[in-house]
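Colleague: I'm new to reading models like this one. Could you take me slowly through a single part, and show me how its pieces fit together?

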Amino acid sequence: MQAGLAVAAGSVQDLPPFGAGTFWTQWGLEPVPLVLTVWGAGLYLVGVAALRRRGDAWPAGRTIAWLTGMLAFYVATSSGLAAYDTVLVSVHMVQHMVLSMIVPLSLALGAPVTLALRTLPRTPRGWLLAVLHSRVARVLGFPPLAFALYVLSPWALYFSGWYDASLRSTYVHEMMHVHLVVVGALFFWPIVGVDPLPGRVAHPFRVLLTVLTLPFHAFLGVTIMGQATLLGGDWYPSLHDGPLGAWLPDPAADQRLAGGILWGAGDLVGIVFFVVLFAQWVRSSIKEAEREDRRLDRLERLAAREGAPPERPASE
């Protein structure tokens, strides 16, 4: 037991007390997040520039959403959040919410698949279309499956040996970050419905799925707040035996804070997403009404030329 405590205490570098200042001063130059962020943002901007050179428009809001998602990913994996995510479970929980909700939602609103289909050469575009129409894409895009993965994977993370392993293994830790982003993308991308992906559903069902996620986040947060068993086992208490013990909070109190963050942030982001979906639904309904009006106008003009009165729907 004492050997395990010594390993945990010695595997975390000496850090000053966490605060707003350390968020900025404890940045690290992590190569993988940096490369992913630069390439992700750069390729997207190259695609937007290609569209503009040929005179096609691309909504600025989509570009802002994509860049916001890439920036949020880099901040979550390279800033003070990353430096303290194995020191304070509350900081980890903030990172968790950014990676699982803010990043995938922002990237989905950026519509990168649509941008790629409009800018890629013929052969790569064919490869992308083949992937989109593959059996694997249809299975992963099946809304009930994506919903189940999204709401159940946090329970598997915190109530199995997975979270404890992520604290002690750099590889497992990084794969956890990838998992959070991928599962969030599988859930949000079809629901946002901007890109032509398998699994897109009607707007009422999108709103329903979003509403259903809210109690799951709340219940998980309350469960973490109320349980006596510490997340990560003896990891966080062991840190008190090292140089961090002078300022670290009580692990149980920090865990209660982490549960509150999961509860509150999950509901907040979920409500914001609900508003986005509702706005999309209203905008789609307005466009559909405009298309129907144009269709009826064409019928009226055709009927006037033929000398017969047009037939209007019974609802009118």
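Modeller: Happy to; let's look at helix H13 and what it takes part in. Please keep in mind that this is a predicted model.

Two packed helices are described by the angle between their axes and the distance between the axes. For helix H10 (residues 143–158) and H13, the axes come within 11 Å and cross at roughly 10°. Angles under 35 degrees count as roughly parallel, so H10 is roughly parallel to H13. Now for the side chains and backbones that meet there. H10 brings Pro143, Phe147, Tyr150, Val151, Pro154, Trp155 and Tyr158 to the contact. From H13, the partners include Phe205, Leu209, Leu212, Phe216, Phe219 and Leu220, and also Thr213, His217 and Thr223. Sorted by class, this contact of H10 with H13 holds 14 nonpolar and 3 polar residues, with no charged ones.

H13, which spans 203–226, has another role in our picture: along with helix H15 (251–306), H13 supplies at least two residues of the lining of the second largest pocket. That pocket has a volume of about 320 Å³. Its lining has 14 residues, and Arg62, Val194, Gln280, Arg283 and Lys287 are the closest to the centre. The biggest share of the lining comes from H15, with 5 residues. Here the classes are 5 nonpolar, 4 polar and 5 charged residues. So, as you turn the model, you can follow H13 from its contact with H10 to the pocket lining that H13 and H15 help to form.

How values were computed:
Residues numbered from 1 in each chain as written. Predicted model: local features only at pLDDT ≥ 70, side-chain atom pairs only at ≥ 80, totals over all residues. Heavy atoms only, no water. 1 Å grid on protein atoms, 1.4 Å probe; cavity = no way out; pocket = protein on both sides within 12 Å on 5 of 7 lines; lining within 4 Å. Points joined across faces, edges and corners; volume = space filled by probe spheres on them. Helix = DSSP H or I, 4+ residues; strand = E, 2+ residues; numbered from the N terminus. Nonpolar A, V, L, I, M, F, W, Y, C, P; charged D, E, K, R; others polar. Axes fitted to C-alpha atoms, helices over the stretch in contact; angles between N-to-C directions. Parallel < 35°, antiparallel > 145°, perpendicular 65-115°, else oblique. Contact = heavy atoms within 4.5 Å.
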